[in-house]
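Welcome, and please take a moment to look over the structure below. The report that follows walks through some of its helices, strands and side-chain contacts.

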Amino acid sequence: MDKLSADATVEIALAAIEATTRPDHWDHLCDRIAHHLGVGAFMLFPYDFSNRAAPVLHASAAIRSDRAAPLRRMFHSGEAREDHRAYEVIARSEAGQVLGEPEVYGLPAEDPVPKNIFREQLLAVSGSRSRSAMKLNAFGPFLDCAIAHEWHAPGEKCMAMATAPFLWSILARTLEGGRVVAALSRSYATLMTLFDRLDFGAAFCTGAGRIVTANPRFHQIARERDGLVVHAGLLSATTENGTHQLRRTLAQALRINDCLDTLTMTIPRRSGMLPLVVKAAPVRSDHLGPSALVMVLIVDPEDGDRISGRNLEAFDVLTEAELDVCDLLVRGHDTDAIAGRRGTALETTRGQIKSASAKLACRSRLDLLRLAMASHVPVGDVPRPR
């Protein structure tokens with residue numbers, strides 16, 4: 001075989017792209033490479049010199065067989081130490097260079113390779129006679145390595161990987177890309193777990209109100225149909241006027257120069273309970289250009305476990321009476337109701353609100369609400385199912 005066909009090259013490249021984003025496709029990639037190279041087996045792995053092991057092994061069918069299971073365990077655990085010196089030589093080679101076993105062991109082509117029981121068992125599994133190796137990465141904590149099990153004797157120069165020089169470039173990028181995608185996936189999973197555990201209703205939507213994703217608390221509020229609803233994938237209010245105001249708030253959130261005070265609103269509820277509080281914030285990125293999504297945060301003032309002015313105590317500037325007033329205020333009660341519930345004069349209550357606002361540098365009740373929301377730890381102890 002002088003070189004791979006164009007169809008084989010394309011098939012391997014497509015399998016590599018799939019493997020980058022789908023971990024379950026790595027072995028399929030090795031199968032396709034083994035098939036098109038015409039070798040007994042193909043292995044792809046990062047080798048950890050500190051543990052003398054491969055924490056991850058991608059391999060074609062022969063190495064995945066039950067017969068090879070003990071050898072795979074040895075490779076993962078670091079028991080296959082007979083190959084360690086070979087990996088040290090491979091690590092010192094140029095990335096992309098294909099090495100046959102005589103070159104790895106520093107022997108003339110006609111000399112037999114040193115006795116290596118692990119090697120012999122591995123070759124027996126694939127029905128092969130020798131191995132060739134390629135270093136894939138120029139730097140990094142591991143040696144990214146590709147191994148082909150050849151049909152030819154160790155001293156013969158016909159090495160399958162040498163017929164496909166593009167393998168170095170594509171496999172090096174695939175391994176590194178796979179690591180990046182895996183790290184991003186772990187980060188995303190962590191973020192989504194926290195998102196699901198938020199005690200507030202939260203959703204990401206377009207400026208027109210089309211929901212991209214939302215957490216369980218949001219869906220719970222929407223199912224109650226008491227102020228907010230989701231219809232045909234769109235976030236709406238239960239009244240026409242509320243929907244119009246909500247759409248306007250979402251659109252304003254996408255305009256960078258708008259005053260942030262316009263991004264908090266209340267939604268009246270059919271039940272007559274305290275109105276829902278909605279805050280919209282743009283999702284921005286210097287790299288992605290103008291914002292196209294809005295994060296919507298929904299607070300139910302009737303749910304004392306999820307919003308409280310008592311959190312403002314952390315600023316250590318309010319009196320106990322001012323904390324009580326702020327707690328009732330952020331739950332949606334007006335000044336008359338607060339005075340009545342606390343048994344104080346209306347002017348006294350107004351003075352306490354004014355004093356608390358001044359101490360906290362808040363210009364309005366909405367500022368107090370935002371500060372109370374910001375000082376609340378909005379993550380529950382137990383994640384709710386999505």
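## A tour of the model

Helix α11 is followed by G332, whose phi is positive, near 105°. Please keep in mind throughout that this is a predicted model. Staying with α11, eight of the eleven residues of this helix (residues 320-330) are buried, so α11 is largely enclosed by the rest of the structure. The buried residues are E322, L323, V325, C326, D327, L328, L329 and V330.

**The open sheet**

Next comes a sheet. Five strands form it, in the order β2-β1-β5-β4-β3, with antiparallel pairing, and the sheet is open. At its edges stand β2 (58-59) and β3 (98-100), each with a single partner strand, so one side of each is left without a neighbour in the sheet.

Strand β5 deserves a closer look. Eight of its eight residues are buried, so β5 is largely enclosed by the rest of the structure. Both of its faces are covered: L143, C145, I147 and H149 lie on one side, D144, A146, A148 and E150 on the other, and all are buried. This split fits a broader pattern: in a regular strand the side chains alternate between the two faces of the sheet.

Which residues stand opposite A146 in β5? On the β1 side, L44 stands opposite A146, and from β4, M134 stands opposite A146 too. Strands β1 and β5 pair in the antiparallel sense over seven bridges, while six bridges join β4 to β5, which also run antiparallel. At the β3 edge, β3 and β4 (residues 130-135) are antiparallel partners over three bridges, and L99 stands opposite A133 in β4.

**A hairpin elsewhere in the chain**

Strands β6 and β7 (residues 211-214) also make an antiparallel pair, over three bridges. Here C205 stands opposite I211 in β7. The hairpin of β6 and β7 has five residues between the strands, and G209 takes a positive phi near 95° in this hairpin. Four of the five residues of β6 (residues 201-205) are buried, so β6 is largely enclosed by the rest of the structure.

**Aromatic contacts**

The count of aromatic pairs comes to seven. Two of them, which share F75, are set out here.

| Pair | Geometry | Centre to centre | Angle between planes |
|---|---|---|---|
| F45 and F75 | edge-to-face | 4.9 Å | 85° |
| F75 and Y87 | tilted | 6.4 Å | 45° |

F45 lies in strand β1 (residues 41-47) and F75 in helix α4 (residues 69-77), so their pair ties together parts that are 30 residues apart in sequence. The pair of F75 and Y87 links distant parts of the chain as well, with F75 in helix α4 and Y87 in helix α5 (residues 84-92), twelve residues apart.

Are these rings buried or exposed? F45 is buried, with a relative accessible area of 0%. F75 is buried at 4%, and Y87 is buried as well. A single aromatic cluster takes in F45, Y47, F49, F75, Y87 and F118.

**The nonpolar core**

In soluble globular proteins, nonpolar side chains tend to be buried together. In this model, the largest nonpolar core has 27 residues, and those with the most contacts inside it are L29, L37, F42, L44, M161, L167 and L171. At least two residues of this core come from each of α1, α2 (26-37), β1, β5 (143-150) and α8 (166-197). Which element gives the most to this core? That is α2, with six residues. L44 thus appears in two settings, as a core residue with many contacts among those listed and as the residue opposite A146 in β5.

**Out at the surface**

Helix α1 (residues 6-21), which supplies core residues, is also the place of I17. I17 is exposed, with a relative accessible area of 55%. Together with V10 and L14, I17 forms a nonpolar patch on the surface, with about 300 Å² of accessible area for the three together.

A charged residue closes the tour. K115 is found in the loop between α6 (101-105) and α7 (117-126). K115 is exposed, with a relative accessible area of 67%. How many residues separate K115 and E82 in sequence? They are 33 residues apart in sequence and 9.1 Å apart in space, C-alpha to C-alpha.

Key: Residues numbered from 1 in each chain as written. Predicted model: local features only at pLDDT ≥ 70, side-chain atom pairs only at ≥ 80, totals over all residues. Heavy atoms only, no water. Buried < 20%, exposed > 50% of the residue type's maximum accessible area, 1.4 Å probe, protein only. Pairing = 2+ DSSP bridges. Phe/Tyr/Trp six-rings, centres within 6.5 Å; stacked < 30°, edge-to-face > 60°. Patch = residues over 30% accessible without salt bridge, like charges linked within 9 Å, V, L, I, M, F, W, Y side chains within 5 Å. Areas by Shrake-Rupley, 256 points an atom, 1.4 Å probe, with all protein chains shown as cover. Salt bridge = Lys/Arg side-chain N within 4 Å of Asp/Glu carboxyl O. Core = buried A, V, L, I, M, F, W, Y, C linked by side-chain atoms within 4.5 Å.
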